[in-house]
Amino acid sequence: MAQKSPESLTCDQSLSSQEDREGPEEGLSPPCDPGQTKTSSVRVLTKEEVDRLSCERVLVSGFKQMKLEKDCQKNWDLFYKRNSTKFFKDRHWTTREFEELRACREFESQKLVLLEAGCGVGNCIFPLLEDDLNIFVYACDFSPRAVEFVKLNPLYCPERCSAFQCDLTKDDLRENVPEGGVDVITLIFVLSAIHPDKMKLALQNISRVLKPGGIVLFRDYGLYDHAMLRFKAGSKLGENFYVRQDGTRSYFFSKELLAELFQDSGLQCVSNDYVLRETVNKKEGLCVPRVFLQSKFTKASRASDDSLHEDT
Ligand SMILES: C[S@@+](CC[C@H](N)C(=O)[O-])C[C@H]1O[C@@H](n2cnc3c(N)ncnc32)[C@H](O)[C@@H]1O
């Protein structure tokens with residue numbers, strides 16, 4: 001199937017591609033989500049699903065793949081031109097799922113310094129800034145429009161927030177964030193948008209600004225998520241890697257691959273689980289199985305670095 005250039009998409013076409021994203025239901029889930037199960041096992045596919053996935057042998061041509069990589073920043077920027085701040089809902093679940101956002105201070109009055117890498121229009125950071133007065137947030141995205149939307153948000157103030165444009169795979173974060181100066185990094189539905197060959201570069205980049213003992217909080221698409229099974233023929237770029245109609249791409253992670261990527265970037269696994277949820281696709285009146293991967297990784301603290309040296 002010929003890939004349409006994102007600029008030529010009509011509103012309806014881009015709406016249908018929205019179905020492939022994690023969707024607005026990811027924004028608001030109840031304080032204690034009863035519909036969500038955490039598991040270490042990968043989702044078991046039905047026979048039809050196995051057949052459907054094994055049919056997809058033809059990959060998008062190398063030439064088109066190179067163009068998608070060259071245009072990845074432009075395609076996300078156009079996504080925000082079309083959708084402005086209206087696509088993703090505020091992510092009010094982060095403090096429920098990641099208690100570190102409240103509890104990782106050594107003393108109560110300590111200001112928590114956070115980096116939201118790939119912040120989009122700020123759906124993750126603004127609920128945090130609203131809830132917790134003692135937090136400073138660095139937020140970056142490679143889409144200039146997204147960064148502009150963050151700065152225009154009424155909750156944005158330079159005393160508590162610093163938003164800047166940065167391609168995590170190319171631009172050294174230390175130009176905007178002090179080396180080793182961040183307690184917590186959130187990576188929410190971002191790594192999946194980066195080409196698998198460049199994911200390690202992004203992780204090494206964030207690792208440099210993370211404090212020893214600091215933590216990365218990760219949530220993203222998991223292997224065999226409903227969105228992965230919905231891609232039409234002609235959308236496959238590689239193993240577990242697909243392109244949407246608007247030219248943005250999505251990788252679907254196994255927990256093993258994710259753990260390896262972080263480990264190779266010098267970060268140690270604290271937890272790494274699939275989150276299974278059934279959500280209703282209102283348009284089709286269907287209950288669909290969503291799979292996300294939710295994980296935490298830490299950078300060895302100096303004390304444990306020293307003890308490693310002592311042992312050797
Ligand atoms: C699905 S959105 C998630 C936004 C935000 N984290 C949230 O939770 O709402 C993915 C974001 O990653 C950004 N992104 C993709 N590749 C990037 C890269 N190489 N460097 C920086 N940002 C990137 C996109 O521009 C987009 O805003």
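So, Tyr224: you'll find this one in the loop between strand E6 (210-221) and helix H10 (226-230). Keep in mind that we're looking at a predicted model. What caught my eye is the backbone: Tyr224 has a positive phi of about 70 degrees, and it isn't a glycine. Most residues other than glycine have a negative phi. Is Tyr224 buried or partly exposed? With a relative accessibility of 21%, Tyr224 counts as partly exposed, because the buried class stops under 20%.

Okay, on to Ser84. Here again we have a non-glycine residue with a positive phi, about 40 degrees for Ser84. Where is Ser84? Look in the loop that runs between helix H4 (72-83) and helix H5 (94-97). Ser84 has a relative accessible area of 19%, so this serine is classed as buried.

Now let's move to helix H3, residues 62-70. Which residues of H3 are buried? Those are Gln65, Leu68 and Glu69. Around the helix axis they cover an arc of only 100 degrees, so they sit on the same side of H3. Flip to the face turned away from that buried side, and you get the exposed residues Phe63, Met66 and Lys70.

And what covers the buried residues of H3? The cover includes H4, and there are strands in there too: E7 (236-238), E8 (241-243) and E9 (249-251).

So if you have the structure open, put Gln65, Leu68 and Glu69 on one side as the buried residues of H3, then turn to the face with Phe63, Met66 and Lys70 exposed.

Methods: Residues numbered from 1 in each chain as written. Predicted model: local features only at pLDDT ≥ 70, side-chain atom pairs only at ≥ 80, totals over all residues. Heavy atoms only, no water. Helix = DSSP H or I, 4+ residues; strand = E, 2+ residues; numbered from the N terminus. Buried < 20%, exposed > 50% of the residue type's maximum accessible area, 1.4 Å probe, protein only. Arc of directions from axis to C-beta. Contact = heavy atoms within 4.5 Å.
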